[in-house]
Structures are given as structure tokens and as C-alpha cells.
Amino acid sequence: MPTRSKELSITINELPSKELSGNKRLGWAGQHRAKREQIGVWLYLLKDALGPPPWPTFDAAVRVTIHVKGAGTRVDPDNWAGNSSLKVLMDCLTARSEYGLGIIRDDSPRFVKSYRVQVDTRGEPQTQIHIQEVGDGTD
């Protein structure tokens, strides 16, 4: 009988910020300030959604899907995929980051085998993160 892979779904009733969009012209200091701000926002939202520690952890390779709902026509789907706010979100999930929660071991290709961003223009603003274990991360 096949074993069921470990999974985690996190729902946050917010959309990723546009402040770190590649289309913004913030300069180095402005980008650094916006990134630090986004780290604080994502950590607060993730901790609120996950509840008190200990949080689930994934030491093996994972598949990550981020589903942005209620985005309206704010940006094209390809802009969401390249949104640095989602990069900050991934860093907040990792164990390797200085401020990460340690849910996934690392966001390198060795441990994140698949990373997908889905955008749905309808519905209430929401960011859903789904993490599924897919391997041992040894390749």
C-alpha cells in the first residue's frame, strides 16, 4: 500500500504586496526597506494562520503551489510569478533563512522540486500556500 505524502495548506486573507514588484522603481534603499517590511508582514500573517509553534516541518523535497485569489486585474499572472513579495514569502517558510520559520528546509531546487503560482481574479483577496512532500531531497 503506497504511503501518503505529507501536506500543509496555509490560507492568508491578504494579497501579496505590489511594493516589491519588478515594475516599481524604488532604488536600493527603498527596495531594502520594502523587503524588510514585507518580511515582517509575511511572518505575522504566517504565524497567525499557523497558530502557535511547533509548526509542521518538511525535511524532504517539496512541491509548492501559491494560489493568489481575488487579484482582480492588478497585474498579469507572469508578474505574480516574478513578484519579489512571493520570494520573501518563500524565504519566510525556509529553515535556511535568518528569519525563516523552518517549515521547509531550503528554497533551492534541491528541496523545492516544483514552484507554481496560480492567479484567480475572482473572489475575496486571499493567498493560499500548499506544500506537498515529493521526495527526500538527496538528488
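**Figure 1. The whole chain has 3 helices and 4 strands.** Welcome to this predicted model. Starting at the N terminus, the elements follow the order β-α-β-α-α-β-β. The chain has 139 residues, and 42% of them count as buried. Its accessible surface is about 8,200 Å², with 47% of that belonging to carbon and sulfur atoms. If we take the contacts between residues at least 6 apart in sequence, 81% of them join residues at least 24 apart. A count of salt bridges gives 5, and several of them appear in the views that follow.

**Figure 2. Aspartate 107 and lysine 87 form a salt bridge.** The closest N and O atoms of this pair are 3.5 Å apart. Lysine 87 sits in helix α3, while aspartate 107 belongs to the loop between α3 (84-93) and β3 (112-120), so their pairing ties together parts that are 20 residues apart in sequence. Are these two residues buried, exposed or partly exposed? Aspartate 107 is partly exposed, at a relative accessible area of 26%. Lysine 87 is partly exposed too, with a value of 45%. As a general point, side chains of opposite charge can pair when their charged atoms come close.

**Figure 3. Aspartate 106 pairs with arginine 96 in a salt bridge.** Here the closest N and O atoms are 3.1 Å apart. Both residues lie in the loop between α3 and β3, so the pair ties together parts that are 10 residues apart in sequence. How does accessibility look for each partner, buried or exposed? Aspartate 106 counts as buried, at 9% relative accessibility. Arginine 96, on the other hand, is exposed, with a relative accessible area of 64%.

**Figure 4. Arginine 122 meets aspartate 120 through their side chains.** This is another salt bridge, with an N to O distance of 3.3 Å. Arginine 122 is exposed, and its relative accessible area is 61%.

**Figure 5. Lys87, Asp91 and Asp107 belong to one network.** What joins these residues? The link comes from salt bridges that share partners. Aspartate 91 is part of helix α3. With 10% relative accessibility, aspartate 91 counts as buried, because the cut-off for that label is under 20% relative accessible area. Which residues does aspartate 91 touch, once its neighbours within four places in sequence are set aside? Its contacts are Ser97, Tyr99, Gly100 and Asp107. Asp107 is thus a name to recognise from the network as well.

**Figure 6. Leucine 43 is found in helix α1.** That helix covers residues 27-50. Leucine 43 counts as buried, at 14% relative accessibility. How far apart are leucine 43 and glycine 100, in sequence and in space? They are separated by 57 residues in sequence, and their C-alpha atoms are 8.1 Å apart. Leaving out neighbours within four places in sequence, leucine 43 is in contact with Cys92, Tyr99 and Leu101. Tyr99 also appears among the contacts of aspartate 91, so a reader moving between these two views will meet Tyr99 in both.

Note on methods: Residues are numbered from 1 along each chain as its sequence is written. This is a predicted model: local features need pLDDT of at least 70, side-chain atom pairs count only at pLDDT 80 or more; totals for chains, interfaces and linings use all residues. Side-chain values use heavy atoms; hydrogens and water are left out. A salt bridge is a side-chain nitrogen of Lys or Arg within 4 Å of a carboxyl oxygen of Asp or Glu. Helices (H or I, at least four residues) and strands (E, at least two) are DSSP runs, numbered from the N terminus. Buried means under 20% relative accessible area, exposed over 50%, partly exposed in between (1.4 Å probe, protein chains only). Contact means heavy atoms within 4.5 Å. Accessible areas come from the Shrake-Rupley method with a 1.4 Å probe; for residues, only the protein chains shown count as cover.
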